[in-house]
Amino acid sequence: MDCPDVVTRTSVPSAIPGVQIVPVQDQRGRERFVHFSWQVYRDDPLWVPPLIRSQLHTLDPQMGPFFRYGEAALFLARRDGRDVGRIAGWINHRANRFLNERAAGFGFFETFDDYEVARALLDAVCDWARGRGMETIRGPYYFSMDDSPGVLIEGLDYPPVLLCGHSPPYYVDLLERYGLVKYRDAYAYWIDLAVFNGDVVNLPPKILRVVEIVRRRTGVRIRAMRMEDWDAEVARVMHLINEAMGYMRNHVPMDEREFVHFTEELRHVIDPDLVFLAEIDGQPVGFAATIPDVNRALKDVNGRLFPVGWLRLWWRMRHIDVASLKLLAVLEGYRLRGLDSLLYLETAQALLRKGYAWLDMSLTAEHNVMINRLVQNLGGQRYKVYRTYYMSLAS
């Protein structure tokens, strides 16, 4: 369907004295919108600047894949002639049709510790969504619940890994004071790989016993991703994710073009030795993807790959000793057979062989009891909690 541009109006009135809400309507406005983050985090040593070009592409209605089936509104808050906050609201029409709901989302939320500014920004996106007939709003996250969802509840003293956000501690108060209530918590775990002394035989005995049983009874074959067969591998992975994640709360099958765009952005940082497919009788039934934590390298790039950012990125990536397990999926008919334990074992073996120091596992929804229990059995320690919120838009 054809979706409208970011915003068609030229002004949005604010009920907050001294705060002006400015709709973003063009490339120059989107550049201001993206660059505002640097003001909020200028004194935060843990923040990892986003790639400016990538964010501009995402937010551009003519280029971003989200806009093929969704619409969005971007707003800047100004006070005394300077930008003091930003927010985006959007509607994913494809997701709403699939879930039979009228829900909007919000995100890209950044501001200083100023409730009046936060209130004006949230008023703007709620009014915009309400005006389009939406009944509820959820966030903060980017255009997908899988991309930087929530604000930090725990773990503000650790840097974020790839695809996870970072936020000041006062965001929780700003959102909850406005009336938003908890929608979902998601956890990040870490495992110190040094405790295994370089050998998977030192993994918890229960896991090793399960793995041996799985190998004997299922005939499963674990193989690494074939980069030379990229397009077909991406198609297999998308099918596995869509089939395996259907039980998750509000899961919407991935759009092919958006998934292809997402994987293309990761293609240059994927290590095929850390991405595994589980096959039975030649058919893929499970998948696990671990990615070197590129955030360790991106921090020095400061949002720009040109003219010398690529060189800095290349140099820092050679010294990354942290990896992030981003996804593990097993088809429903093969769950409770221990395939997840086997995929974890193969991943651990590769990480130890390559000399990684520790493994991040993120993000896991709080209600995904089975995965949370497995991670804890592997020795995972929870070190971050992200919270997303929702609110009814009923007048």
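**Exercise 1. Determine whether N92 is buried or exposed, and describe its surroundings.**

Solution. Step 1: N92 has a relative accessible area of 16%, so this residue is buried; buried means under 20% relative accessible area, exposed over 50%, and partly exposed in between, with a 1.4 Å probe and protein chains only. The structure is a predicted model, in which local features need pLDDT of at least 70 and side-chain atom pairs count only at pLDDT 80 or more, while totals for chains, interfaces and linings use all residues. Residues are numbered from 1 along each chain as its sequence is written, and side-chain values use heavy atoms, with hydrogens and water left out.

Step 2: Locate the residue. N92 belongs to strand 3, residues 82-92. Strands (E, at least two residues) and helices (H or I, at least four) are DSSP runs, numbered from the N terminus.

Step 3: List the partners. Beyond its neighbours within four places in sequence, N92 is in contact with F66 and Y69, where contact means heavy atoms within 4.5 Å. A polar atom of the N92 side chain also lies 2.9 Å from the backbone nitrogen of A95.

**Exercise 2. State which residues have the most contacts inside the largest nonpolar core.**

Solution. Step 1: Apply the term. A nonpolar core is a set of buried Ala, Val, Leu, Ile, Met, Phe, Trp, Tyr and Cys residues joined through side-chain atoms within 4.5 Å.

Step 2: The largest such core has 68 residues, and L193, L203, V220, L343, Y344, M361 and L378 have the most contacts inside it. Helix 12 supplies the largest share of this core, nine residues.

Step 3: Take L203 as a case. Leaving aside its neighbours within four places in sequence, L203 is in contact with F196, L208, L345, A348 and L378.

Step 4: Another core, of 58 residues, lies apart from the largest one; F33, Y41, W128 and I137 are among its members.

**Exercise 3. Identify the residues that line the largest cavity, and classify them.**

Solution. Step 1: Rolling a probe the size of a water molecule over the atoms shows where empty space is left. On a 1 Å grid over the protein atoms alone, a cavity is a set of points where a 1.4 Å probe fits but cannot get out, and a pocket is an open set with protein on both sides within 12 Å along at least five of seven lines; lining residues have an atom within 4 Å of a point. Grid points are joined across faces, edges and corners, and a volume is the space filled by probe spheres set on the points.

Step 2: The structure holds one cavity of 30 Å³ or more. The largest cavity contains about 100 Å³ of space.

Step 3: Its lining consists of I191, L193, F196, L203, Y344, T347, A348, L351, L359, M361 and L378. Helix 12 gives the most to this lining, with four residues.

Step 4: The lining of the largest cavity divides into ten nonpolar residues, one polar and no charged. Here Ala, Val, Leu, Ile, Met, Phe, Trp, Tyr, Cys and Pro count as nonpolar, Asp, Glu, Lys and Arg as charged, and the others, Gly among them, as polar.

**Exercise 4. Describe the second largest pocket by volume and lining.**

Solution. Step 1: The second largest pocket holds about 270 Å³ of space.

Step 2: Helix 13 gives the most to the lining of this pocket, with four residues.

Step 3: The lining of the second largest pocket comprises five nonpolar, three polar and four charged residues.

Conventions
Polar contact = N/O pair within 3.5 Å; in protein donor to acceptor, adjacent residues only side chain to side chain.
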